[in-house]
Amino acid sequence: MSTETPDGFVELVEADELWDDEMDSYDVGDEEVLLVKVDGQIHAYDAICPHQSISLAEGEFENGLITCRAHEWQFNAVSGEGVNPLGNCLTRHDVRINDDGMVEVRLRESAGTRGPRH
């Protein structure tokens, strides 16, 4: 079980375990968080597609795009912005690497019902 730091971050995984152009999901409390690594930088998002609440970890991550398996909605892995369709966005969470080389994430407000649902 992960321990929360005084400033709200939760330790998830060793940074060296995440490879460029890979994604993986982790539980933080009751939330599923998606970590993606692009050009050596780690980004953390809600792991649930804002379209129909499908786990993005079940989708694909290729050429900097996260693709939901259900209806192929796509998001830019660096910004979280919707690419197909435009006008949607993944909820970004704070991420850092601590002195022990562990990735830590602090949750922001969950996407919940943000973005259109079709």
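1. Let's start with a side-chain pair: glutamate 58 makes a polar contact with arginine 69, side chain to side chain, at 2.5 Å. (A polar contact is a pair of N or O atoms within 3.5 Å; within protein, one must be able to donate a hydrogen and the other to accept it, and residues adjacent in sequence count only if both atoms are side-chain atoms.)

2. A quick word on the source: this is a predicted model, where local features need pLDDT of at least 70 and side-chain atom pairs count only at pLDDT 80 or more, while totals for chains, interfaces and linings use all residues. Residues are numbered from 1 along each chain as its sequence is written, and side-chain values use heavy atoms, leaving out hydrogens and water.

3. Back to glutamate 58, which is partly exposed at 46% relative accessibility. (Buried is under 20% relative accessible area, exposed over 50%, partly exposed in between, with a 1.4 Å probe and protein chains only.) Measuring C-alpha to C-alpha, glutamate 58 is 13 Å from glutamine 74, and the two are 16 residues apart in sequence.

4. How many disulfides does the structure hold? Zero. The sulfur of cysteine 49 has its closest cysteine sulfur in cysteine 68, but at 3.9 Å that's too far for a bond; a disulfide needs the pair of cysteine sulfur atoms within 2.5 Å. Cysteine 49 is buried at 1%, and cysteine 68 is buried at 2% relative accessibility.

5. Last one: valine 28 is buried too, with a relative accessible area of 6%. Leaving aside residues up to four places away in sequence, valine 28 touches Val10, Leu12, Val33 and Leu107 (contact means heavy atoms within 4.5 Å).
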